[in-house]
Amino acid sequence: MPDKTLTNPELLGIHQLVVQYGHVKALRGVDLQVRQGELVALVGANGAGKSSLLMALSGLVPMQQGQIRFGGADITHWPTHRRVQGGLVQVAEGRAILKTLSVEDNLRLGGYHQPSGTDLQEIYQRFPILKKRSRQLAGNLSGGEQQQLAIGRALLAKPRLLMLDEPSMGLAPRIIQEIFAIVHDLHQQGMTLLLVEQNVRQALKLADQAYVLETGVITLQGAAQELMHHPGVLAAYLGG
Amino acid sequence: MATMLAQQLLNALSLGSIYALFALGFTLVFGILGVINLSHGGLFMLGAYAALFFLEAHWPAWIALPTAILVTGLIGLLIDLLILKRLRRQQAPHLMPMIATIGTTILMTSLAQGLFGAESRHFPLSFFDNASLTLGSLTLPYAQVVIILIAFGTMIVMGWLLKKTRLGIALQAIAESPRAAALLGIPVERLFHLTSFLAAILGGIAGILVGLSFNAISPFMGQPMLHKGIAAIILGGLGDMRGAVLGGLFLGFAEVLAVTYLSSEYRDAFSFGLLFLVLLWRPQGLFGATHVRSA
Ligand SMILES: Nc1ncnc2c1ncn2[C@@H]1O[C@H](COP(=O)(O)OP(=O)(O)O)[C@@H](O)[C@H]1O
Ligand SMILES: [Mg+2]
């Protein structure tokens, strides 16, 4: 099945990105591209640098080198809030739920720079459990509910590109299926996504394009369907 | 006897409400910026001297006092822009902002001393002299009533701002996690500046109210106030806004109690002794849960 998004215009372009924490080089010159409407999977072992990449994209870790283009603009030096306002939105690893605030306040903050607030009902329709729990403290939600809250909150920011950092982490298998179904739906509805996962099989099944990151270097990239049958990927991530 | 008790309660309330106002600004910075701003006492003093300056320039009080408060807010903002912001960017360890803000306090104290002299001064306001409200057998000094109204009014406005507005909820988000807040598109740096500004305003108002209350201000008035502010926010539970207010009120009542039933020399010893006992019993403070902040 040929990837029908291959001719779409570029939305995100990363060029020679280097991120270093003291002496630890987390990313050593990464190139990556996401086209409009694509679901791109970024897979790799623990410590490979996946979260560092997303954090650099959000402007929350300093980059030593490289360039980030988003929607035609060079956003390399933009502060975090401006990137979010421009539509580059991340659901961070661990979900970054504000536990001391109510579910509804969390959602409202998702639309912080979009004060209309009319879209809340849309999110409640998509995630009915959030409506039921809207007055509760977000810290009291279960892991799966928190992940729905995190995604719903991110959607309220009107993303042009939604980055998800290991949305399935720490969830029960049944809940993981729900989360992947949400990701699939979003993609079907035209959302552009960059999905970081350790659940490699699932991620490659959903994705159009995929990248494999190993200790800060992209070692493989291509159509997700093809990578799924690549001997290196089979051996390292899909249990042979 | 009853009038005397009522008078003491009023004293406690006005003193406590000033402490509460001061402590609220102090804890606001701690809760949101995550730093102990030791120049809060200096800003408190500065508010009083800015008011003195404008009053002595014969500005009417209703212009002079708000201007003094605004000036104090701007100095608080300046401290954030020139010092705290840099330390944040370098992710400096906690001691650095403390030492830096001790420095700014020394600077402010010396400036006040140089410009206005080391002796204590008083506001050229005859307005409050001896004027009082009479309610039945109760005589309420005008100044005290005004102080209580201003202090509580300001705290109510701050409470509304923090709990009910979009901005306040964003500030609460930052207090829990600046990183998570930034990922939601909240302009965290800008709100840090705003917080420093608001906190300085609260400190400045407290300084002016003390000036009105005791009819005396001094370049050195910031230091003892800072100790009380620290005591109030520890009592209230660090970083907890409501706790800071209650801690401040508690301290006011403790002091008036000590002055009334012991003697004024034992005032601070009594209230700090009480603080010590409270902390033995509840290390997290009277009202606070342990304040946890993630990265
Ligand atoms: N804040 C940090 N300070 C120092 N080293 C870090 C920090 N964050 C991540 N690292 C290191 O950078 C490397 C990449 O980490 P990370 O981006 O979290 O990988 P992944 O998300 O793929 O598991 C690891 O070696 C990790 O220990
Ligand atoms: Mg990670």
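The exercises below deal with a predicted model.

**Exercise 1. The surroundings of ligand 1**

Find which residues surround ligand 1, and state how the shell divides by class.

Solution.
Step 1. The residues around ligand 1 include Tyr21(A), Ala26(A) and an unbroken listing from Ala45(A), Asn46(A), Gly47(A) and Ala48(A) to Gly49(A), Lys50(A), Ser51(A) and Ser52(A).
Step 2. Sorted by class, the shell holds 4 nonpolar, 5 polar and 1 charged residues.
Step 3. Helix α1 (residues 50-57) of chain A contributes the most to this shell, with 3 residues.

**Exercise 2. Polar atoms at ligand 1**

Give the distances from oxygen atoms of ligand 1 to N or O atoms of Asn46(A), Gly49(A) and Ser51(A).

Solution.
Step 1. For the side chain of Asn46(A), the distance is 3.5 Å.
Step 2. Gly49(A) takes part through a backbone N or O atom, at 2.9 Å.
Step 3. The side chain of Ser51(A) has an N or O atom 2.8 Å from an oxygen atom of the ligand.
Step 4. On its own, ligand 1 has 560 Å² of accessible area, and the protein covers 58% of this.

**Exercise 3. A salt bridge between helices**

Decide which parts of chain B are tied together by the salt bridge of Glu189(B) and Arg88(B).

Solution.
Step 1. The two side chains meet at 2.9 Å, N to O.
Step 2. Glu189(B) belongs to helix α8 (residues 188-214) and Arg88(B) to helix α3 (residues 61-89), so the pair ties together parts of chain B that are 101 residues apart in sequence.
Step 3. Glu189(B) has a relative accessible area of 31% and is therefore partly exposed.

**Exercise 4. Buried or exposed?**

Classify Asp268(B) and Lys228(B), which form a salt bridge.

Solution.
Step 1. The closest N and O atoms of the pair are 3.3 Å apart.
Step 2. Asp268(B) sits in helix α11 (residues 267-281) and Lys228(B) in helix α9 (residues 222-236) of chain B, 40 residues apart.
Step 3. Buried means under 20% relative accessible area. Lys228(B) has 6%, so Lys228(B) is buried.
Step 4. Asp268(B), at 30%, is partly exposed.
Step 5. Both residues belong to a network of salt bridges that also links Glu255(B) and Arg267(B).

**Exercise 5. A nonpolar patch**

Name the members of the nonpolar surface patch on chain B, and the helix that gives the most to the patch.

Solution.
Step 1. The members are Leu5(B), Leu9(B), Phe253(B), Leu257(B) and Tyr261(B), with about 500 Å² of accessible area together.
Step 2. Helices α1 (2-33) and α10 (241-261) of chain B each supply at least two residues.
Step 3. α10(B) gives the most, with 3 residues.

Technical notes: Residues are numbered from 1 along each chain as its sequence is written. Chains are lettered from A and ligands numbered from 1 in the order in which they are written. This is a predicted model: local features need pLDDT of at least 70, side-chain atom pairs count only at pLDDT 80 or more; totals for chains, interfaces and linings use all residues. Side-chain values use heavy atoms; hydrogens and water are left out. A residue is near a molecule or strand if one of its heavy atoms lies within 4 Å of it. A polar contact is a pair of N or O atoms within 3.5 Å; within protein, one must be able to donate a hydrogen and the other to accept it, and residues adjacent in sequence count only if both atoms are side-chain atoms. Accessible areas come from the Shrake-Rupley method with a 1.4 Å probe; for residues, only the protein chains shown count as cover. Helices (H or I, at least four residues) and strands (E, at least two) are DSSP runs, numbered from the N terminus. Ala, Val, Leu, Ile, Met, Phe, Trp, Tyr, Cys and Pro count as nonpolar, Asp, Glu, Lys and Arg as charged, and the others, Gly among them, as polar. Patches are made of residues with over 30% relative accessible area and no salt bridge: like charges are joined within 9 Å, nonpolar side chains (Val, Leu, Ile, Met, Phe, Trp, Tyr) within 5 Å. A salt bridge is a side-chain nitrogen of Lys or Arg within 4 Å of a carboxyl oxygen of Asp or Glu. Buried means under 20% relative accessible area, exposed over 50%, partly exposed in between (1.4 Å probe, protein chains only).
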